[in-house]
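Student: Could you walk me through a protein model, one feature after another? I'd like to learn how to read it for myself.

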Amino acid sequence: MCRFFCLQLRPCPYLCQPVSSSRHYTGMAWFTRSEKGISTPTENKLEAPDGLWYKCPECKAVMLTRVHKENAYTCTGCNYHERIGSVEYFELLFDDNQFTELNPELTSGDPLGFKDTKDYKNRITDTIRKTGLKDAVRTGYGLVGGQPVTIACMDFSFIGGSMGSVVGEKIARAIDHARQSRSLMLIISKSGGARMMEAGFSLMQMAKTSARLALLAEAKVPYVSLLTDPTTGGVTASYAMLGDFNIAEPKSLIGFAGPRVIRETIGKDLPAGFQSAEFVKEHGFLDFIVDRKELKGRIAGLSKMLMG
Ligand SMILES: [Zn+2]
């Protein structure tokens, strides 16, 4: 690169010219504004309201937000499945978005008086204010394609979809509801794992939800587990992998520990596509991968087939 900083990446043709040479700085015009300020008259400015466009992070295709939504929040170009929350899943699944929410007011306590960068109590109130959610899962029941279904759907935007005592309790109560009403149970998982701020209380939820699922199985009510991007940690190690059908969205990250931890533990490089839904299915842990656009039809179909 020219040592006089004319910013040419190759040695510039004027290499070693003194700084005072006028020729040496010809490139600098690119960085100098010839006109100052914005000169477009107001009537010529184009309106582009916020949130009108969606840009796919995978293939960079740009589409109208409305088109993206109509496409079940998947990219029209490469079928990338955008991460969505319970509001969107409920809207996609329940007929006419009609459902009854279960235990909507349940919020987390702070049994350990936990404090990291801020108090856990404050973190909860801040997240409730920011997301409009009470905790990392919402549960409800209604009709999906005319079939009664109880759904528990996790929200990653609430402290990384972490499983604390509220998540465990709401899921346990939703399972009880499915058992009593004899409706198919669907859990949509999206989680970073256990909620560290609740330590042991968080880990107990794995046993609690698994025990309730055993009761559900005893009552012969089917349970479908949908794993979405990402499903990891204590959630994978409990209810997410206990479905009569374990299904996943395309290319979701599914695993227990992260790839770096595994690589360091086994001291080997990991195979390509490791922990993707496709890889997990190939190794026998998933029944099928479902495109989000077909999800409602598949759930209604499973309910019809299993519940008669
Ligand atoms: Zn795309």
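Tutor: Sure! Let's begin with Arg182, which sits in the loop between α4 and β6. Keep in mind that this is a predicted model.

Student: Okay. What is the phi of Arg182 near?

Tutor: First the general idea: most residues other than glycine have a negative phi, and most peptide bonds are trans. Arg182 has a phi near 50°, a positive value in a residue other than glycine. Arg182 is also partly exposed, because its relative accessibility is 41%, and the partly exposed class runs between 20% and 50%.

Student: Where is Asp96, then?

Tutor: Asp96 is in the loop between α2 and β3. Its phi is positive too, about 55°, although Asp96 is not a glycine. With 70% relative accessibility, Asp96 counts as exposed.

Student: And which residues does the cis peptide bond join?

Tutor: Asp229 and Pro230, with omega at about -10°. Pro230 belongs to strand β7, residues 223–231.

Student: Let's zoom out. How many helices and strands does the chain have?

Tutor: Nine helices and nine strands. The chain has 308 residues, and buried ones make up 41% of them. Take the contacts between residues at least 6 apart in sequence: 64% of those join residues at least 24 apart.

Student: How do I read the sheet?

Tutor: The general idea is that strands of a sheet pair through backbone hydrogen bonds, either parallel or antiparallel. Here an open sheet of seven strands follows the order β3-β4-β5-β6-β7-β8-β9, and the pairing is mixed. At its edges stand β3 (99–102) and β9 (288–289), each with a single partner strand, so one side of each has no neighbour in the sheet.

Student: Which way do β4 and β5 run relative to each other?

Tutor: They're antiparallel, joined by eight bridges. You can spot Val137 standing opposite Met154 in β5. The hairpin of β4 and β5 has two residues between the strands, and Gly145 there takes a positive phi near 60°.

Student: What about β5 and β6, parallel or antiparallel?

Tutor: Parallel, with five bridges between them. One pair to look for is Ile151 with its bridge partner Leu186 in β6. Strand β8, residues 245–248, also runs parallel to β9, and two bridges join them. There, Ala248 has Ile289 of β9 as its bridge partner.

Student: Is β5 mostly enclosed or open? How many of its residues are buried?

Tutor: Seven of its eight residues are buried, so β5 is largely enclosed by the rest of the structure. Now look at helix α4, residues 165–181: it lies across β3, β4 (137–144), β5 (147–154) and β6 (184–191), and it runs at about 20° to β4.

Student: Next, the metal. Which residues coordinate the zinc ion?

Tutor: Four cysteines, each through SG: Cys56, Cys59, Cys75 and Cys78, at 2.3 Å. To judge the geometry, check the angles: the four donor atoms subtend 105 to 114°, which makes the arrangement tetrahedral. Along the chain, the donors follow the spacing C-x2-C-x15-C-x2-C. Cys56 lies in the loop between β1 (53–55) and β2 (62–64), while Cys78 lies in the loop between α1 and α2, so this pair ties together parts that are 22 residues apart in sequence.

Student: Are those two buried or exposed?

Tutor: Cys56 is buried, at a relative accessible area of 0%. Cys78 is partly exposed, at 31%.

Student: What does the side chain of His81 reach?

Tutor: One atom is the backbone oxygen of Asn79, at 2.9 Å. Another is the backbone nitrogen of Arg292, at 3.0 Å. His81 itself is in the loop between α1 (65–70) and α2 (86–93), and it is buried, with a relative accessible area of 8%. Beyond its neighbours within four places in sequence, His81 has contacts that include Tyr73, Glu249 and Asp291.

Student: One last residue: is Glu198 buried or exposed?

Tutor: Buried, because its relative accessibility is 0%. Glu198 is in the loop between β6 and α5 (199–218). Not counting residues up to four places away in sequence, Glu198 touches Ser108, Leu112, Tyr120, Gly164 and Ser165.

How values were computed:
Residues numbered from 1 in each chain as written. Predicted model: local features only at pLDDT ≥ 70, side-chain atom pairs only at ≥ 80, totals over all residues. Heavy atoms only, no water. Helix = DSSP H or I, 4+ residues; strand = E, 2+ residues; numbered from the N terminus. Buried < 20%, exposed > 50% of the residue type's maximum accessible area, 1.4 Å probe, protein only. Polar contact = N/O pair within 3.5 Å; in protein donor to acceptor, adjacent residues only side chain to side chain. Contact = heavy atoms within 4.5 Å. Pairing = 2+ DSSP bridges. Axes fitted to C-alpha atoms, helices over the stretch in contact; angles between N-to-C directions. Donors = N, O, S within 2.8 Å, 3.2 Å for Na, K, Ca; no water. Tetrahedral: all angles 85-135°; square planar, octahedral: opposite > 155°, others 65-115°.
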